[in-house]
Amino acid sequence: MIGVHRRGERKPIKSMRYLILSDIHANKTALETALDAAKGRWDRAVCLGDLVGYGPDPNEVIARVQQLEAVTIRGNHDKAIGGVMEGDDFNPIAQFAVQWSREKLTAENQRYLSALPRGPKALDGFTFVHGALHDEDEYVFSPALAVDGLVNAPTPVIFFGHTHLQGGFSFRDDNVMVLHTTPTMGRSSLVLPIESGTTYLLNPGSIGQPRDGDPRAAFAIFDTDSRAVEYWRVPYDIADVQARMVAAGLPEPLILRLTFGR
Ligand code: ZN
């Protein structure tokens, strides 16, 4: 009886859970800690760019993202370090980190970065981009900057990075709402249900250099079946990565900011 299911034997539709990573910034300690916390909770990984820049582990982070087989788009630091753009609009400290990373990268990883595709990219009914939908390098900090993307959204759910601020925006009945989605200290995750008729522009936060005042590594998991986004924060061994940054001679402000998540 090929093709006929007997009652009670029908297999449930498999839910697809996407691990959403962004702004890893060559911080392998934060990445490994986040991956440990997310273990067994996702089926496929997505990376919104900025694998490298600022942190001490560019080659290690690229190798790990490749190992995850993450669907990856480029960020502005990937472009600068991969030689796709100059990076002369970067501040002096970021430029120093670009130079340092270029010298440290293997030729193969340099080529990998330069070949990363630009966003936005569509996947399984959602979209992801590094900065903004119309400009991969634009920072979406406020509702005024988010509204354009929300009104013209190609899918109800869009993930973005670049600002290093976990959270995002929702749009319904001509109203843009700011979403506060960071789990409080002592809690590791918070669930945002995706409602039909609402459009979402969601930032998983930064793995390797959070800037929202919470130094914990940030990421998200999107379950396309139950239509929910889990926002995660996990503490990691910041001193461990800072010691490698000191040894590498990376600028002090980059080292210190990890302590404060600023
Ligand atoms: Zn970044």
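In this predicted model, a good place to start is where two helices meet: Ile238, Val241, Gln242, Met245 and Val246 of helix 7 are in contact with Leu254, Ile255, Leu256, Leu258 and Thr259 of helix 8. Sorted by character, the residues of this contact are eight nonpolar, two polar and no charged. Two packed helices are described by the angle between their axes and the distance between the axes. Here helix 7 spans residues 238-248 and helix 8 spans residues 252-260, and they pack at an angle of about 175° with axes 10 Å apart. Angles over 145 degrees count as roughly antiparallel, so helix 7 is roughly antiparallel to helix 8.

Let us turn to a sheet. Six strands form an open sheet in the order 3-2-1-11-12-9, and their pairing is mixed. Strand 3 (71-72) and strand 9 (189-193) are the edge strands; each has a single partner strand, so one side of each has no neighbour in the sheet. Strands of a sheet pair through backbone hydrogen bonds, either parallel or antiparallel. Within this sheet, strand 1 (residues 17-21) and strand 11 (residues 217-223) run antiparallel and are joined by four bridges. If you look for Arg17, you will find that its bridge partner in strand 11 is Asp223. Helix 1, residues 28-38, packs on the sheet and touches strand 1, strand 11 and strand 12 (228-234). The direction of helix 1 makes about 35° with that of strand 11.

Next, the nonpolar cores. The largest one holds 43 residues, and those with the most contacts inside it are Leu19, Leu21, Ile24, Leu51, Ile207 and Phe219. Helix 1 supplies the largest share of this core, five residues. There is also a second, separate core of 20 residues, with Val46, Leu48, Val71 and Ile194 among them.

Now pick out a single residue, Ile158, which sits in strand 6 (residues 157-160). Is Ile158 buried or exposed? Its relative accessible area is 0%, and buried means under 20%, so Ile158 is buried. Apart from its neighbours within four places in sequence, Ile158 is in contact with Thr127, Val129, Leu133, Gly149, Ala153, Tyr200, Leu201 and Leu202. Asp223, the bridge partner of Arg17, is 65 residues from Ile158 in sequence and 13 Å from it in space, C-alpha to C-alpha.

Finally, the loops offer some details of the backbone. Asp50 lies in the loop between strand 2 (44-47) and helix 2 (58-67). Although Asp50 is not a glycine, it has a positive phi of about 60°. Glu69 is not a glycine either, and its phi is positive at about 55°. You can find Glu69 in the loop between helix 2 and strand 3. Which of the words buried and exposed fits each of these residues? Asp50 has a relative accessibility of 1%, so it counts as buried, whereas Glu69, at 64%, counts as exposed. One more loop is worth a visit, the one between helix 5 (107-114) and strand 4 (121-123), where Pro120 lies. The peptide bond that joins Gly119 and Pro120 is cis, with an omega of about -5°.

Conventions:
Residues are numbered from 1 along each chain as its sequence is written. This is a predicted model: local features need pLDDT of at least 70, side-chain atom pairs count only at pLDDT 80 or more; totals for chains, interfaces and linings use all residues. Side-chain values use heavy atoms; hydrogens and water are left out. Axes are lines fitted to C-alpha atoms, for helices over the stretch in contact, and angles run from 0 to 180 degrees between N-to-C directions. Angles under 35 degrees count as roughly parallel, over 145 as roughly antiparallel, 65 to 115 as roughly perpendicular and the rest as oblique. Contact means heavy atoms within 4.5 Å. Ala, Val, Leu, Ile, Met, Phe, Trp, Tyr, Cys and Pro count as nonpolar, Asp, Glu, Lys and Arg as charged, and the others, Gly among them, as polar. Buried means under 20% relative accessible area, exposed over 50%, partly exposed in between (1.4 Å probe, protein chains only). Two strands pair if DSSP finds at least two bridges between them. A nonpolar core is a set of buried Ala, Val, Leu, Ile, Met, Phe, Trp, Tyr and Cys residues joined through side-chain atoms within 4.5 Å.
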